[in-house]
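Q: Could you walk me through how to read some features of this structure, one at a time?

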Amino acid sequence: MKNSKGAFEYTFLFALLLASTTLTIGACSSKHVPAPQQKPPVSTATPHSGAEVAEKSLTHMIGPKSVVHEVGPLETIWRLSKMYDVPMKDIYRANGLRSGDTIKIGQKLTIPNAKTLRNIVALYPSTQWRYIVIHHTATDIGNAMLINRTHHDRGFWYGLGYHFLIDNGTLGKGDGQIEQSPRWIKQMKGAHCKAGGMNAKGIGIALVGNFNEEFPTQKQLDSLAYLLRLLCQYYHIPTTNIIGHRDVDGACTDCPGKRFPWSGLRQCLSSF
Ligand SMILES: [Zn+2]
């Protein structure tokens with residue numbers, strides 16, 4: 001099984017990055033299945049209104065070289081330009097597009113002379129986010145497009161139920177790449193944890209992987225630490241409100257898995 005690293009590596013990683021919140025751990029079932037939505041959630045903010053954008057390169061540089069990018073949910077040329085450090089006009093030209101042309105989910109675009117791969121995180125003014133709930137996808141592979149489709153098929157009106165997905169290097173995505181869900185871009189409530197009303201007050205972050213079977217990759221954990229720091233600081237969320245799905249009262253799941261490295265994360269969180 002891939003990514004089977006020792007837990008000590010993650011403890012060490014988090015200790016380097018950031019130190020102890022109390023996280024109660026419980027467990028119920030073995031499979032992570034978010035509850036389907038009964039009706040569409042309500043948008044609570046205008047997309048992009050007053051947003052700040054944080055960006056950070058992943059540790060591996062990829063270029064310059066041309067890459068093919070499969071467009072994820074609500075991705076834009078602007079975002080791809082920032083992700084790959086390529087001018088928007090170059091992406092338009094390489095794909096026979098004109099400024100203002102729309103792109104669609106699943107569309108394959110050539111990104112000429114891509115220099116790097118950056119995590120781009122938009123931060124929208126809001127007072128609704130008071131918790132962060134961590135999940136795993138309970139799958140070996142995944143990306144936002146696939147899970148968006150899967151959640152649609154389960155009856156989620158707006159697809160991908162999480163607000164963020166942290167990839168593990170499968171299905172064409174970078175290891176540690178942070179994908180934003182349309183729910184985050186539109187500041188909609190999630191469909192990741194019905195228990196405790198967390199869909200309305202909790203930011204859902206999922207890591208691709210089955211952490212009952214393996215550990216997250218180091219780059220996924222790097223990106224998780226980065227994202228948690230950003231969100232806690234921007235939304236004034238106390239680190240004690242960073243919880244696992246299984247720790248929410250009423251949630252009957254073992255998500256994010258019995259091998260999720262909480263001890264290292266607690267060390268990391270204490271230095272925020
Ligand atoms: Zn979960």
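**Cysteines, cores and surface**

A: Happily, and let us start with a cysteine: Cys193 is buried, at a relative accessible area of 2%. Here buried means under 20% relative accessible area, exposed over 50%, and partly exposed in between (1.4 Å probe, protein chains only). This is a predicted model, in which local features need pLDDT of at least 70 and side-chain atom pairs count only at pLDDT 80 or more, while totals for chains, interfaces and linings use all residues. Residues are numbered from 1 along each chain as its sequence is written, and side-chain values use heavy atoms, leaving out hydrogens and water.

Q: How many disulfides are there, and how far from Cys193 is the closest cysteine sulfur?

A: A disulfide is a pair of cysteine sulfur atoms within 2.5 Å, and by this rule the count is 0. For Cys193, the closest cysteine sulfur belongs to Cys255 and lies 8.7 Å away, which is too far for a bond. Cys268 is in no disulfide either, with the sulfur of Cys232 as its nearest, 9.7 Å away. Cys268 is buried too, at a relative accessible area of 0%.

Q: Which residues of the largest nonpolar core touch the most other members?

A: In soluble globular proteins, nonpolar side chains tend to be buried together. A nonpolar core is a set of buried Ala, Val, Leu, Ile, Met, Phe, Trp, Tyr and Cys residues joined through side-chain atoms within 4.5 Å. The largest one here has 32 residues, and Ile203, Ile205, Leu224 and Leu231 touch the most other members. Several elements supply at least two residues each, including strand E8 (202-207) and helix H7 (218-235). H7 gives the largest share, 9 residues. Helices (H or I, at least four residues) and strands (E, at least two) are DSSP runs, numbered from the N terminus. Apart from this core lies another, of 18 residues, among them Ile77 and Leu109.

Q: What does Ile203 touch?

A: Contact means heavy atoms within 4.5 Å. Leaving aside residues up to four places away in sequence, the partners of Ile203 include Trp129, Phe164, Trp184, Leu231 and Ile237.

Q: Is Thr127 buried or exposed, and where is it found?

A: Thr127 is found in the loop between E4 and E5, and its 76% relative accessibility makes it count as exposed. Its C-alpha atom is 7.2 Å from that of Tyr235, although the two residues are 108 residues apart along the chain.

Q: Where is Met88 found, and does it count as buried or partly exposed?

A: Met88 is found in helix H3 (residues 88-94), and at 32% relative accessibility it counts as partly exposed.
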